Amino acid sequence: MSGTQIWLRAETKTAEARSALTPTTCKALLDAGYDVTVERSSQSIFNDDEFAAVGARIVDEGSWVKDAPKTAYILGLKELPEDDFPLEHVHISFAHCYKKQAGWENVLSRWPRGGGVLLDLEFLTDEVGRRVAAFGYSAGYAGSALAIKTWAWQLTEGKDKPLPSESPYPNEAALIESVKKVLEAGKQKAGRSPKVLVIGALGRCGRGAVQFAKDAGIPDSDILKWDLEETKKGGPFKEIVEDADIFINCIYLSAKIPPFVNSETLASPNRTLSVVCDVSADTTNPNNPVPIYDITTTFDKPTVPVNIPVGNAALPLDVISIDHLPSLLPRESSEMFSEALLPSLLQLKDRKNARVWKQAEDLFQQHVATLPENLRG
């Protein structure tokens, strides 16, 4: 085996059907002279045969731990399963440990203890600071779909019957059809379309949320698009609680800001809000601007009721806080993400001189330096 090796590990997070590489981008890497190894996966939207057909070497799920050469790049999406063994490889994935999330020290310390490196996908940026690859649009699109579906479900099924489990859809058309069917029944109950308020509407995530609402047939006049201009006065905002049925938070949280909603605003007797979709899902972040829930929901149980007193108590209030929403449309979201990541992956042969990777490694070292001394290896 020769050349720079990329080892695509199987995703282990429940219901995670996305992939950091697709057969299309895998072939592009192989054509460029890379060695690509792909682990079998029981949950990926892509079949093992699709990768084998383009020339990838197929190996057992989870075999990177013992079999991957130390020089191989271990590529994945979601964070590794909870464990404590030191990590020897260079990993390219989302690790969710740079914002001091719960347990971040234990997660991050595994790399310096093993002599490995984390190149976090969340912080790969271009020359102007924009992320080179992100699932934002797909996350907003899927979050909007589930939020609208939840609103209609509340109306047709009642306050005490939460939205049932969801599974990945084969394509956007199937998702739109599923939501439209429930939405039509909800609109008949309510006598109108829901009013949807999106914060961060000008970003990738917000554009996705707005687009799904339009694709579902909600009139543009019922989609409230907020961004920096509308939020510059600082929250909490009573308009979210009293003017919208559905609130979709699509901001990328980089610093502490006033909350968008809180227990005081939710106590309004004029509350119309019944669904919150926090696409950012910063559940454990102390600066979360939607501090009305404390668990991350899943596709098995997409919603959680708000457990603080609320005005208009006859009206339900459910939160969606799924942290891998793009997996609702795994094939399309993976293709979009992987195509955007490909130019950076093609620079791995010369990683030490490639700005995007040098910057990622410098950031890793900066965060390692904040670890307690006994966790730095």
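Is His-96 buried, exposed or partly exposed? In this predicted model, His-96 has a relative accessibility of 29% and therefore counts as partly exposed, since the class lies between the under 20% of buried residues and the over 50% of exposed ones. The legends below begin with the whole chain and then turn to single sites.

**Figure 1. Overall view of the protein chain, with its twelve helices and twelve strands.** The C-alpha atoms of the chain fill a box of roughly 65 × 45 × 35 Å along the principal axes. The radius of gyration is 22 Å, which agrees with the value near 21 Å that a compact globule of 377 residues would have. Buried residues make up 53% of the 377 residues, and among the contacts with a separation of 6 or more, 75% are between residues 24 or more positions apart. The accessible surface comes to about 16,300 Å², and carbon and sulfur atoms account for 51% of that surface. The chain carries 41 positive and 51 negative charges, whose mean positions are 2 Å apart.

**Figure 2. The largest nonpolar core, centred in this view on Leu-21.** This core holds 52 residues, of which Leu-21, Ile-92, Leu-108, Leu-345 and Trp-357 touch the most other members. Helix H12, covering residues 355–368, gives the most to this core, with five residues. Apart from this core lies another one of 38 residues, among them Val-179, Val-182, Ile-248 and Cys-250. Once neighbours within four places in sequence are left aside, the contacts of Leu-21 include Ile-6, Leu-8, Leu-29, Val-36, Phe-46, Phe-51 and Leu-75, and they also include Ser-338 and Leu-345.

**Figure 3. Tyr-34 in the loop between helix H1 (23–31) and strand S2 (35–39).** With a relative accessible area of 2%, Tyr-34 is buried, because the limit for that class is under 20%. Beyond residues up to four places away in sequence, Tyr-34 touches Thr-4, Ile-6 and Leu-29, and also the residues Leu-345, Leu-346, Gln-347, Leu-348 and Lys-349. Gly-3 is 31 residues from Tyr-34 in sequence, while the C-alpha atoms of the two are 5.7 Å apart in space.

**Figure 4. Ser-334 in helix H11 and its contact with Phe-135.** Helix H11 spans residues 330–345 and contains Ser-334, a residue that is buried with a relative accessible area of 0%. Not counting residues up to four places away in sequence, Ser-334 touches Arg-18, Ser-19, Thr-22, Phe-46 and Phe-135. Phe-135 is found in the loop between strand S6 (117–120) and helix H5 (136–157), and at 8% relative accessibility Phe-135 counts as buried. With neighbours within four places left aside, Phe-135 is in contact with Arg-18, Leu-77, Phe-94 and Pro-326, as well as with Ser-333, Ser-334 and Phe-337. Arg-18 thus appears in the contact list of Ser-334 and in that of Phe-135. Cys-97 is 38 residues from Phe-135 along the chain, and the C-alpha atoms of the two are separated by 18 Å.

**Figure 5. Glu-361 in helix H12.** Glu-361 is buried, with a relative accessible area of 16%, a value that places this residue in the class because the limit is under 20%. Leaving aside neighbours within four places in sequence, Glu-361 is in contact with Val-117 and Leu-119, and with Arg-351 and Lys-352.

**Figure 6. Backbone geometry at His-96 and Asn-312, two residues with a positive phi.** His-96, although not a glycine, has a positive phi of about 55 degrees, and its place is in the loop between strand S5 (90–93) and helix H4 (104–114). Asn-312, likewise a residue other than glycine, has a phi near 50 degrees and lies in the loop between strand S11 (303–305) and strand S12 (318–320). At 33% relative accessibility, Asn-312 counts as partly exposed, and His-96, at 29%, also counts as partly exposed.

**Figure 7. The cis peptide bond that joins Gly-235 and Pro-236.** Omega of this bond is about 0 degrees. Pro-236 lies in the loop between helix H8 (228–231) and helix H9 (238–243).

Definitions and conventions. Residues are numbered from 1 along each chain as its sequence is written. This is a predicted model: local features need pLDDT of at least 70, side-chain atom pairs count only at pLDDT 80 or more; totals for chains, interfaces and linings use all residues. Side-chain values use heavy atoms; hydrogens and water are left out. Helices (H or I, at least four residues) and strands (E, at least two) are DSSP runs, numbered from the N terminus. Buried means under 20% relative accessible area, exposed over 50%, partly exposed in between (1.4 Å probe, protein chains only). Contact means heavy atoms within 4.5 Å. The radius of gyration is taken over C-alpha atoms; the globule rule is 2.2 Å times the number of residues to the power 0.38. Accessible areas come from the Shrake-Rupley method with a 1.4 Å probe; for residues, only the protein chains shown count as cover. Lys and Arg count as positive and Asp and Glu as negative; His and the chain ends are not counted. The place of a charge is taken as NZ of Lys, CZ of Arg, CG of Asp or CD of Glu. A nonpolar core is a set of buried Ala, Val, Leu, Ile, Met, Phe, Trp, Tyr and Cys residues joined through side-chain atoms within 4.5 Å.
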